[in-house]
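This report goes through one protein model for a reader who has not seen it before. The sequence and structure come first, and the description follows.

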Amino acid sequence: MTPFPGGPHDRPLDGPGDGPPAELPVVAPRLRELRRRSGLTLEAAARRVGLSPAHLSRLETGRRQPSLPMLLALARTYGTTVSDLLGEAPPERDPIVRADRMEPQEAGGWTYWRAGGSGRAMQALRVHVPERSGAQDTLVRVHPGEEWLYITRGRLRLALGEAVHVLAEGDSAHFDSLTPHRIAAASPGGTDLLFVHTLLQSGAAEVCLGDAARGGRPGTP
């Protein structure tokens with residue numbers, strides 16, 4: 001993980017500055033739970049945060065307490081917030097997302113509309129895949145989590161491992177995201193789909209394969 005410029009992460013984190021071991025009893029078990037949920041070993045998580053495995057182990061067992069910059073680094077690694085690490089109750093979320101608040105965002109030629117609430121374990125999107133989207137058409141993705149998609153208009157070409165499927169309007173797919181997958185429109189005018197993934201709580205980075213990897217957008221189908 002990239003250190004925070006100008007902050008305590010510009011020096012080794014095993015030295016003083018972590019604060020005395022007191023007053024944050026909820027952090028230790030929460031850190032351990034989030035790391036295991038993210039599928040990271042102690043060594044892998046420590047490497048991402050810039051700690052030694054022994055130091056992270058002391059944090060997870062409550063023998064040391066993290067400083068605020070360290071909490072920020074840990075929250076980012078585990079795909080959560082400092083408030084969540086501290087066990088603070090989240091504010092009540094509005095379960096309704098109105099159509100007029102779904103503003104389009106473009107990335108890599110695709111258009112996305114957020115169709116679900118933020119801060120959830122699942123992320124829901126409406127997606128438009130154009131007929132030709134350059135690097136996105138050949139980008140193969142592999143990452144932890146699950147994905148579900150449903151075609152609302154057009155046809156979609158979905159490659160899962162060695163198998164290639166063409167989905168028509170009304171078809172859906174639900175698969176493990178660790179299966180190498182590639183998505184492209186298979187009809188003139190592109191394809192519209194609903195998409196749900198479970199990447200929010202994953203601390204593992206997306207692994208993009210092939211020459212088009214630089215054009216990818218983490219967390220997209």
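## Terms and basis

A residue is called buried under 20% relative accessible area, exposed over 50%, and partly exposed in between, with a 1.4 Å probe and protein chains only. At 15% relative accessibility, Arg-30 therefore counts as buried.

The model is predicted: local features need pLDDT of at least 70, side-chain atom pairs count only at pLDDT 80 or more, and totals for chains, interfaces and linings use all residues. Residues are numbered from 1 along each chain as its sequence is written, and side-chain values use heavy atoms, with hydrogens and water left out.

## The six-stranded sheet

Helices (H or I, at least four residues) and strands (E, at least two) are DSSP runs, numbered from the N terminus. Two strands are said to pair if DSSP finds at least two bridges between them. Six strands form an open sheet in the order β1-β2-β3-β10-β5-β8, with antiparallel pairing. The edges are β1 (105-107) and β8 (172-176); each has a single partner strand, so one side of each is left without a neighbour in the sheet. On average, neighbouring strands of this sheet are turned by 25 degrees against each other, direction ignored. Here and for helices, axes are lines fitted to C-alpha atoms, for helices over the stretch in contact, and angles run from 0 to 180 degrees between N-to-C directions.

At one edge, β1 pairs with β2 (residues 110-114) in the antiparallel sense over three bridges. Gln-105 stands opposite Tyr-112 in β2. At the other edge, β8 pairs with β5 in the antiparallel sense over five bridges, and Ala-173 in β8 is the bridge partner of Leu-149.

## Strand β10 and its partners

Five of the seven residues of β10 are buried, which leaves this strand mostly covered. Strand β3 (residues 123-129) pairs with β10 in the antiparallel sense over seven bridges, and β5 pairs with β10 in the antiparallel sense over six bridges. Phe-195 in β10 is the bridge partner of Leu-125. Phe-195 also stands opposite Leu-149.

Asp-192 in β10 is the bridge partner of Arg-153. The side chains of Asp-192 and Arg-153 also meet in a salt bridge (2.9 Å, N to O); the term means a side-chain nitrogen of Lys or Arg within 4 Å of a carboxyl oxygen of Asp or Glu. Asp-192 lies in β10 (residues 191-197) and Arg-153 in β5 (residues 146-153), so the pair ties together parts that are 39 residues apart in sequence. Arg-153 is partly exposed, with a relative accessible area of 34%.

## Other salt bridges

Side chains of opposite charge can pair when their charged atoms come close. The whole structure has five salt bridges. One of them joins Arg-30 and Glu-33, whose closest N and O atoms are 3.1 Å apart. Both residues lie in helix α1, three residues apart, about one turn of the helix. Arg-30 is buried at 15% relative accessibility, whereas Glu-33 is partly exposed at 38%. A network of salt bridges links Arg-30, Glu-33 and Arg-37.

Arg-132 forms a salt bridge with Glu-131, with the closest N and O atoms 3.8 Å apart. Arg-132 is exposed, with a relative accessible area of 66%, and Glu-131 is partly exposed, with 36%.

## Nonpolar cores

A nonpolar core is a set of buried Ala, Val, Leu, Ile, Met, Phe, Trp, Tyr and Cys residues joined through side-chain atoms within 4.5 Å. The largest has 20 residues, and those with the most contacts inside it are Leu-31, Leu-51, Leu-56, Leu-59, Leu-74, Tyr-78 and Leu-85. Two or more residues of this core come from each of α1 (27-37), α2 (42-49), α3 (53-60), α4 (68-77) and α5 (82-85).

Contact means heavy atoms within 4.5 Å. Not counting residues up to four places away in sequence, Leu-59 touches Ala-28, Leu-31, Leu-51, Arg-64, Gln-65, Pro-66, Met-70 and Leu-74. Apart from the largest core lies another, of 17 residues, among them Leu-125, Val-127, Leu-167 and Ala-173.

## Helices α2 and α3

The axes of α2 and α3 are 8 Å apart, and the two helices pack at an angle of about 100 degrees. That makes α2 roughly perpendicular to α3; angles of 65 to 115 degrees count as roughly perpendicular, under 35 as roughly parallel, over 145 as roughly antiparallel and the rest as oblique. Leu-42, Glu-43, Ala-45 and Ala-46 in α2 meet Pro-53, Leu-56, Ser-57 and Glu-60 in α3.
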